[in-house]
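Let's take a walk through this fold, beginning with charged pairs, moving on to a strand and its neighbours, and ending with two helices. Keep the structure open beside you as you read.

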Amino acid sequence: MTDTAPANWLRPLGNTGLTVSAVCAGGSGIAGMPAVFGYDVTPQEAIDLVLRVFDSPLTWIDTSNGYGDGTSETRIGQAIREYGGLPPGFLVATKVDAKDRDYSGARVRASVAESKERLGLDDLPLVYLHDPEFHDFESMREAVDTLMQLRADGEIGHVGLAGGDTRELSRYLDLGGFEVLLVHNRWSLVDRSAGPIFERARSEGIAVVNAAIYGGGILANPAGATKYAYREAPPALLEAVAEMDKACREYGVDLATAALRHSIDDPGIAGAVVGITKPARVDALIAARDADLPSALLNRLGSLLPDKRHWVEKETT
């Protein structure tokens with residue numbers, strides 16, 4: 001890596017034996033999904049971004065079989081080939097996905113095989129069960145058992161669980177066997193819905209990964225976004241974001257930096273997944289990592305946290 005990272009930048013991924021950087025590059029945007037993100041990303045732009053990540057202090061990238069119907073994995077695989085293989089110690093984490101509502105055991109096996117082919121990798125060190133909350137829990141037992149069997153057979157490394165609705169995700173944790181928990185949009189400057197499930201995971205030795213730390217963009221672009229977690233944000237949350245943005249500017253810090261540091265400065269979080277599509281954003285993340293955040297600002301931001309009535313999961317708090 002070209003950057004000398006602070007000692008706490010690298011941390012253990014729970015009990016997996018893997019070591020990762022505090023920030024994980026999110027690979028959904030590089031799939032080029034304008035209907036989702038509002039802009040497109042060309043194949044070359046995606047490859048250039050991944051190559052920049054390989055030469056940065058970030059040591060892992062997060063993708064999924066379903067991002068752009070495999071486009072994200074394909075572009076990462078192209079970058080790996082262009083780079084001449086993965087950098088030493090670099091980890092690609094991916095996810096199994098349903099196809100046409102099929103989340104059977106056979107589909108899980110097919111998803112893993114597709115990911116290996118697109119990425120050009122025989123070794124998948126971390127594979128998540130992705131978005132199970134959109135499927136009937138009882139019908140998902142075969143998918144869970146198959147993923148665990150793939151680990152036992154050495155077809156994949158470690159098994160994670162990734163999604164949003166923590167009430168449903170808790171039901172899957174009850175089944176046992178998961179080593180990493182990824183939750184999105186529910187642990188940020190303005191929402192702490194994931195607090196209980198994060199505490200549970202840590203108590204059980206499960207690594208915690210925090211995704212969508214900007215709430216889908218509003219904490220990175222407070223002046224131009226009105227949605228949080230892909231839905232219109234309540235007025236109280238919008239007001240809190242505006243006040244936080246004002247407080248940050250008074251201290252010469254941008255809100256995106258504070259949002260990132262809220263996650264990566266938390267020793268209980270193994271990694272924060274940050275979606276990036278431009279090489280320059282890697283430099284911005286490094287700058288945010290190294291920025292000086294006064295304790296007075298942190299206290300101010302904490303006092304502006306919206307009431308739990310305005311969080312994504314009101315009923316769980």
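**Charged pairs, a strand and two helices**

K116 and E155 form a salt bridge, with 3.2 Å between the closest N and O atoms. The term salt bridge here stands for a side-chain nitrogen of Lys or Arg within 4 Å of a carboxyl oxygen of Asp or Glu. K116 sits in helix 4 (residues 105-119) and E155 in the loop between helix 5 (141-152) and strand 7 (158-163), so this pair ties together parts that are 39 residues apart in sequence. Helices (H or I, at least four residues) and strands (E, at least two) are DSSP runs, numbered from the N terminus.

Before going further, note that this is a predicted model: local features need pLDDT of at least 70, side-chain atom pairs count only at pLDDT 80 or more, and totals for chains, interfaces and linings use all residues. Residues are numbered from 1 along each chain as its sequence is written, and side-chain values use heavy atoms, with hydrogens and water left out.

Back to that first pair: are its two ends buried or exposed? K116 is buried, at 16% relative accessible area, while E155 is partly exposed at 38%. For these words, buried means under 20% relative accessible area, exposed means over 50%, and partly exposed is in between (1.4 Å probe, protein chains only).

Next, look at D174 and R200, a salt bridge whose closest N and O atoms are 2.7 Å apart. D174 belongs to the loop between helix 6 (166-173) and strand 8 (180-184), and R200 to helix 7 (residues 195-203), so the pair ties together parts 26 residues apart in sequence. D174 is exposed at 55% relative accessibility, and R200 is partly exposed at 23%.

The pair D245 and R249 stays within one element. Their closest N and O atoms are 3.3 Å apart, making another salt bridge, and both residues lie in helix 8 (residues 235-250), 4 residues apart, or about one turn of the helix. D245 is buried at 16%, whereas R249 is exposed at 54%. Elsewhere, salt bridges that share partners join E73, R107, E114 and R118 into one network. The count of salt bridges comes to 16.

Now turn to strand 8. Why can we call it largely enclosed by the rest of the structure? Because 5 of its 5 residues are buried. Both faces are covered: V180, L182 and H184 are buried on one side, and L181 and V183 on the other.

What flanks strand 8? Strand 7 pairs with strand 8 in the parallel sense over 4 bridges, where pairing takes at least two DSSP bridges between two strands. G160 has V180 as its bridge partner in strand 8. Strand 8 is also joined by 5 bridges to strand 9 (residues 207-211), again running parallel, and there V183 stands opposite N210.

The connections are worth tracing too. Strand 7, helix 6 and strand 8 make a right-handed β-α-β unit, and strand 8, helix 7 and strand 9 make a right-handed one as well. Right-handed means that, with the strands pointing away from the viewer, the path from the first strand over the helix to the second runs clockwise.

Finally, find helix 9 (residues 255-264) and helix 10 (residues 279-290). Their axes come within 9 Å and cross at roughly 65 degrees. Axes are lines fitted to C-alpha atoms, for helices over the stretch in contact, and angles run from 0 to 180 degrees between N-to-C directions.
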